[in-house]
Amino acid sequence: MERITTPELAQAFIDEQIAELRSQIGDKKVLLALSGGVDSSVVAALLIKAIGKQLVCVHVNHGLLRKGEPEQVIEVFRNQMDANLIYVDAVDRFLDKLAGVAEPEKKRKIIGKEFIDVFAEEAEKLEGIEFLGQGTIYPDILESQDGVKAHHNVGGLPEDLQFELVEPVKLLFKDEVRVVGKALGLPDNMVFRQPFPGPGLGVRCLGAITRDRLEAVRESDAILREEFANNGLEGKVWQYFTAIPDFKSVGVTDGKRTEGWPVILRAINTKDAMTATVEDVPFALLQHITQRITAEVPNVNRVLFDLTPKPCATIEWE
């Protein structure tokens, strides 16, 4: 199959998939977990073109998304594409379950289980669902075959959800999915969204998650992303984010001693995520970002830049 590298090839793929999806699904309904990431968003846009309101999208807001992401999903899919979108505000449910849990793997398991439970509960409320849409892409299948990781399917849904799978981009690589997304009219900041861990900001609010520190991660991350975009680094740096550890340091604000959190900046480049190098961010920009974060984010009085490549560090801190 010819790799999809141009708008013309993307449109040909879209036309072909629309015909195949209509043939597979008929007049039945499809359920899709829509995170707002590029893979699920492209699958949603494809299915909307093919079957319209027969697609039911479920967007679960677990409180661990980046600033503006739940609002963007609603704006793009419900308001612009007229999708049949169910928005689930599960913020309190997730954060209450995570309270006091510091161990990273325990946090991951709680987040994954709660997502599955919420999604399954929403599925049980619906009638006539016979298909489950998934944003599986070709590297997922290759990694599953090679034993690198298990082939994911919406976090491992219960077996009693007896759905036939719909996976329209399963033979595409990530760069091809992005070209298709552009051709479908999705916004650039959704199509070219940088990689984001499944547990979201839950593994960037280091240690036991607290709501105030989680908001500090969200706000500092938004400042970092805004400044990278303003300075021509968006799309050129593979991944960049902030993390906040579960301890405070001494500082001075308005001539008075304060105790505030340090914010860690991470900006790396990689081709395969197996190794990574640190982006050479201009020092003047780092100073400007530091000034903004310490001035605009409550309870933060220090900013650090992570200079460690992979190996020996991993990309994420947890």
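## Helix α3 and the parallel sheet

In this predicted model, helix α3 has a set of buried residues, namely E69, P70, Q72, V73, V76 and F77. These residues lie on the same side of α3, because the arc they cover around the axis is only 160°. On the other side of α3, by contrast, E71 and Q80 are exposed. The cover over the buried residues of α3 is provided by elements that include α2 (38-51), β2, β3 and α8 (188-191).

The length of α3 can be checked with a short piece of reasoning: the helix has 12 residues (69-80), which at 1.5 Å a residue should span 16 Å, and since its end C-alpha atoms are 15 Å apart, the two values agree. Just after α3, residue D82 takes a positive phi of about 55°.

Two of the covering elements, β2 and β3, also belong to an open sheet of 5 strands, whose order is β3-β2-β1-β4-β5 and whose pairing is parallel. At the edges of this sheet stand β3 and β5, each of which pairs on one side only. Neighbouring strands are turned against each other by 30° on average, with direction ignored. Strands β1 and β2 run parallel and are joined by 4 bridges, and L32 has C57 in β2 as its bridge partner.

Helix α5 (residues 104-125) packs on the sheet, where it touches β1, β2, β3 and β4, and its direction makes about 160° with that of β1.

The residue ranges of the strands are as follows.

| Strand | Residues |
|---|---|
| β1 | residues 29-33 |
| β2 | residues 55-61 |
| β3 | residues 84-89 |
| β4 | residues 129-133 |
| β5 | residues 164-166 |

Methods:
Residues numbered from 1 in each chain as written. Predicted model: local features only at pLDDT ≥ 70, side-chain atom pairs only at ≥ 80, totals over all residues. Heavy atoms only, no water. Pairing = 2+ DSSP bridges. Axes fitted to C-alpha atoms, helices over the stretch in contact; angles between N-to-C directions. Contact = heavy atoms within 4.5 Å. Expected span 1.5 Å × (residues − 1). Buried < 20%, exposed > 50% of the residue type's maximum accessible area, 1.4 Å probe, protein only. Arc of directions from axis to C-beta.
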